Amino acid sequence: MNRNTFLQNRFILSELVKKGIKLKYRRSYLGIIWSLLEPLLTMMILTVVFGTLMGVKDKAFPVYILAGRLLYTCFSQSTTAALKSIRQNASMIKKIYVPKLLYPISGILFNYIIFLISLIVLAAVEVVLGVYPTVYLLLSVIPLLCLLMLSTGVGLILSTVGVFFRDMEYLWNVVLMMIMYTSAIFYMPSKLLGSNWGFVLKVNPLYCIIMNFRDCIFGRMMNINYLIYSGLFGIISILIGLMMFKKNEDKFILNI
């Protein structure tokens with residue numbers, strides 16, 4: 001789908017995004033408020049459990065955990081939504097023509113929008129715990145952009161693979177667990193980085209994005225190497241995802 005076609009279908013994309021948000025909270029009494037409560041409750045549990053186990057005394061540790069948890073959840077939910085998008089919209093794809101690329105893109109975007117809303121909780125927790133913004137906070141848009149690119153690229157790849165290999169949904173859940181444990185969400189990475197297993201963190205682009213985002217909110221300069229790596233990884237994954245999708249989209253209808 002070229003740029004002009006994409007612009008012509010932006011209304012359809014916006015409607016798909018709205019539909020995704022509505023369906024996500026269709027049977028929830030709290031609705032979108034749950035996107036604020038869930039990370040807050042998770043942060044409290046992880047802080048008590050892992051803060052106690054590791055003996056962390058830093059009062060800003062909940063902010064550290066919450067920042068990592070929010071970014072990981074965005075990546076996890078966005079890519080999972082993209083993975084399922086073509087098959088979940090099979091009936092619509094068979095009845096009317098809508099550029100198929102809109103389905104995974106909308107799944108990624110509505111989860112990203114919910115993520116941006118959930119950042120309100122992070123800001124509130126920062127104020128409560130005395131983690132006040134500095135000029136480096138302005139740079140936080142960069143790792144957030146890298147997160148969107150990474151989610152988009154991986155999501156497009158998964159949306160294509162998921163049509164032909166249905167067990168990918170189960171496999172991706174296992175991969176996400178591995179990504180979570182190598183993203184330093186609820187532990188300090190210093191000891192692991194100093195060991196022979198430090199490369200496990202550094203090759204994970206989501207870890208690089210999370211650490212750079214944390215640096216921004218804690219008033220530190222981002223790691224340039226992490227920024228370059230995660231940015232290039234996101235761009236390359238988007239290019240690969242687009243090529244895979246365009247090459248196989250005409251075969252989708254035969255496999256959904």
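Here are some notes on the pockets, salt bridges, surface patch and one odd backbone angle in this predicted model.

1. Start with the largest pocket, which holds about 460 Å³ of space. Its lining counts 19 residues, and those nearest the centre are Gly-20, Leu-23, Ala-81, Gln-88 and Phe-110. If you want to find the walls by helix, look at helix 2 (10-24), helix 4 (61-88), helix 5 (90-95) and helix 6 (102-128), each of which supplies at least two lining residues. Helix 4 gives the most, with 6 residues.

2. What is the make-up of that lining by class? In the largest pocket there are 6 nonpolar, 10 polar and 3 charged residues. Worth keeping in mind when you get to the next point.

3. The second largest pocket has a volume of about 290 Å³. Here 15 residues form the lining, with Val-175, Ile-179, Thr-182, Asn-204 and Pro-205 nearest the centre. Helix 7 (141-164), helix 8 (168-181) and helix 11 (205-217) each put in at least two residues, and helix 8 gives the most, with 4. By class, the lining of this pocket has 13 nonpolar and 2 polar residues, and no charged ones.

4. On to charges. Side chains of opposite charge can pair when their charged atoms come close. The count for this model comes to 4 salt bridges. One of them joins Glu-169 to Arg-87, with the closest N and O atoms 3.0 Å apart. Glu-169 sits in helix 8 and Arg-87 in helix 4, so this pair ties together parts that are 82 residues apart in sequence. Those two helices have already come up: helix 4 is the main contributor to the lining of the largest pocket, and helix 8 is the main contributor to that of the second largest. As for Arg-87, a relative accessibility of 27% makes this residue partly exposed.

5. Another bridge links Asp-215 and Arg-220, again with 3.0 Å between the closest N and O atoms. Are the two partners buried or exposed? Asp-215 counts as buried because its relative accessibility is 12%, under the 20% cut-off. Arg-220, at 40%, is partly exposed.

6. The side chains of Lys-246 and Glu-249 also meet in a salt bridge, at 2.8 Å from N to O. Lys-246 is partly exposed at 39% relative accessibility, whereas Glu-249 is buried, with a relative accessible area of 13%.

7. Now the surface. A nonpolar patch of about 850 Å² is made by Met-221, Ile-224, Ile-228, Leu-232, Ile-235, Ile-236, Leu-239, Ile-240 and Met-243. Take Ile-228 as a sample member: this residue is in helix 12, which covers residues 224-248. Ile-228 is partly exposed, with a relative accessible area of 46%. Patch members must have over 30% relative accessible area, so Ile-228 clears that bar at 46%.

8. Last, a backbone detail to look at. Most residues other than glycine have a negative phi, and most peptide bonds are trans. Ala-184 has a positive phi, near 55°. Where does Ala-184 lie? Ala-184 is in the loop between helix 8 and helix 9 (190-193). Ala-184 is also buried, with a relative accessible area of 0%.

Conventions. Residues are numbered from 1 along each chain as its sequence is written. This is a predicted model: local features need pLDDT of at least 70, side-chain atom pairs count only at pLDDT 80 or more; totals for chains, interfaces and linings use all residues. Side-chain values use heavy atoms; hydrogens and water are left out. Patches are made of residues with over 30% relative accessible area and no salt bridge: like charges are joined within 9 Å, nonpolar side chains (Val, Leu, Ile, Met, Phe, Trp, Tyr) within 5 Å. Accessible areas come from the Shrake-Rupley method with a 1.4 Å probe; for residues, only the protein chains shown count as cover. Buried means under 20% relative accessible area, exposed over 50%, partly exposed in between (1.4 Å probe, protein chains only). On a 1 Å grid over the protein atoms alone, a cavity is a set of points where a 1.4 Å probe fits but cannot get out, and a pocket is an open set with protein on both sides within 12 Å along at least five of seven lines; lining residues have an atom within 4 Å of a point. Grid points are joined across faces, edges and corners, and a volume is the space filled by probe spheres set on the points. Ala, Val, Leu, Ile, Met, Phe, Trp, Tyr, Cys and Pro count as nonpolar, Asp, Glu, Lys and Arg as charged, and the others, Gly among them, as polar.
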